[in-house]
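Work through the exercises below with the model open. Each task is followed by its solution.

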Amino acid sequence: MTNETPTPPPAATDTPLGTEDFEAQDAVLDQLRERVEDTPDWEFCEGFLAALVCCRRPIEPEDYWPALLGEGFAPMAHMEFVLRWQRRWREVAQGLDAEVDTLEDPRAYQPELLDMRGAVLALPEGERGDTAIDDLPYFAETWAHGFLHAVQTWSEEWVLPRDREAADMVREALAAIEALTAPDTGKPAVSMYSEDGPPSVSDRRIDEFGKAVWSVYDLRQVWKSLGPRVVSVRKEAEPGRNDACPCGSGKKYKKCHGA
């Protein structure tokens with residue numbers, strides 16, 4: 001059985017993934033985690049997927065599945081997961097290609113995230129169990145790690161372009177995403193889990209998150225405008241017929257590999 005994933009043509013009738021779809025994705029990841037402990041959650045996958053959408057060169061499924069979910073992941077055995085993944089891929093690409101002026105625009109790309117700290121703080125203290133707030137990731141931290149994991153895995157596709165303006169844009173965009181991997185040291189002001197929940201995210205973090213999302217837009221546009229990276233191959237000059245053969249035989253080229 002092959003691990004190669006059949007890719008259906010883009011579907012204009014795709015409906016956006018809803019809460020049940022994302023819960024189904026996380027349920028599959030939970031099952032996989034029973035066998036492979038470091039299987040990521042959906043938020044990490046969401047960041048990884050966004051980076052793949054932005055990547056300068058299309059990365060094939062047979063290359064990205066092992067990098068994300070390990071060598072043992074069999075797409076054909078989890079086809080519903082794969083199909084939802086492909087729907088989300090198209091949804092993210094459409095959002096990043098939409099001409100929007102604000103992230104509040106319903107067409108804009110909105111990462112699927114969970115405010116873990118807000119979710120736990122919203123529980124009555126008696127229901128929080130042994131969960132320590134300080135051990136939970138900060139808002140958008142896991143998404144940023146997923147994005148950067150894809151960048152690091154295919155680092156050759158993220159080499160800064162020669163054009164200075166484009167290079168500065170890529171550098172600043174990646175720095176904005178990387179900033180979300182740092183702790184949120186601001187004063188909690190809002191809950192991203194529920195409108196009336198205890199504050200869990202600072203205003204500064206919200207601003208940093210918005211900047212990171214716009215940075216994903218920048219990366220998508222830069223790489224689309226530049227196209228796939230071109231690797232020049234230098235062709236060695238062919239030796240003269242009376243020159244020594246480069247194979248090291250000691251014979252003249254015309255009597256060896258040039259015969």
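**Setup and exercise 1: a surface tyrosine**

Y193 sits in the loop between β1 (188-190) and β2 (201-202); strands (E, at least two residues) and helices (H or I, at least four) are DSSP runs, numbered from the N terminus. This is a predicted model, where local features need pLDDT of at least 70, side-chain atom pairs count only at pLDDT 80 or more, and totals for chains, interfaces and linings use all residues. Residues are numbered from 1 along each chain as its sequence is written, and side-chain values use heavy atoms, with hydrogens and water left out.

Task: classify Y193 as buried, partly exposed or exposed.

Solution. Take the cut-offs: buried is under 20% relative accessible area, exposed over 50%, partly exposed in between (1.4 Å probe, protein chains only). Y193 has 44% relative accessibility, so Y193 is partly exposed.

**Exercise 2: a salt bridge between helices**

Task: find which residue forms a salt bridge with E46, and place the pair.

Solution. Apply the criterion: a side-chain nitrogen of Lys or Arg within 4 Å of a carboxyl oxygen of Asp or Glu. R88 is the partner of E46, with the closest N and O atoms 2.4 Å apart. E46 belongs to helix α2 and R88 to helix α4, 42 residues apart. Next, check burial: both E46 and R88 are buried. Finally, extend the search: E46, R88 and E91 form a network of salt bridges.

**Exercise 3: a pair within one helix**

Task: how many residues apart are D168 and R171?

Solution. Their salt bridge has a closest N to O distance of 2.7 Å. Both lie in helix α7 (residues 164-178), three residues apart, so about one helical turn separates them. D168 is partly exposed at 31%.
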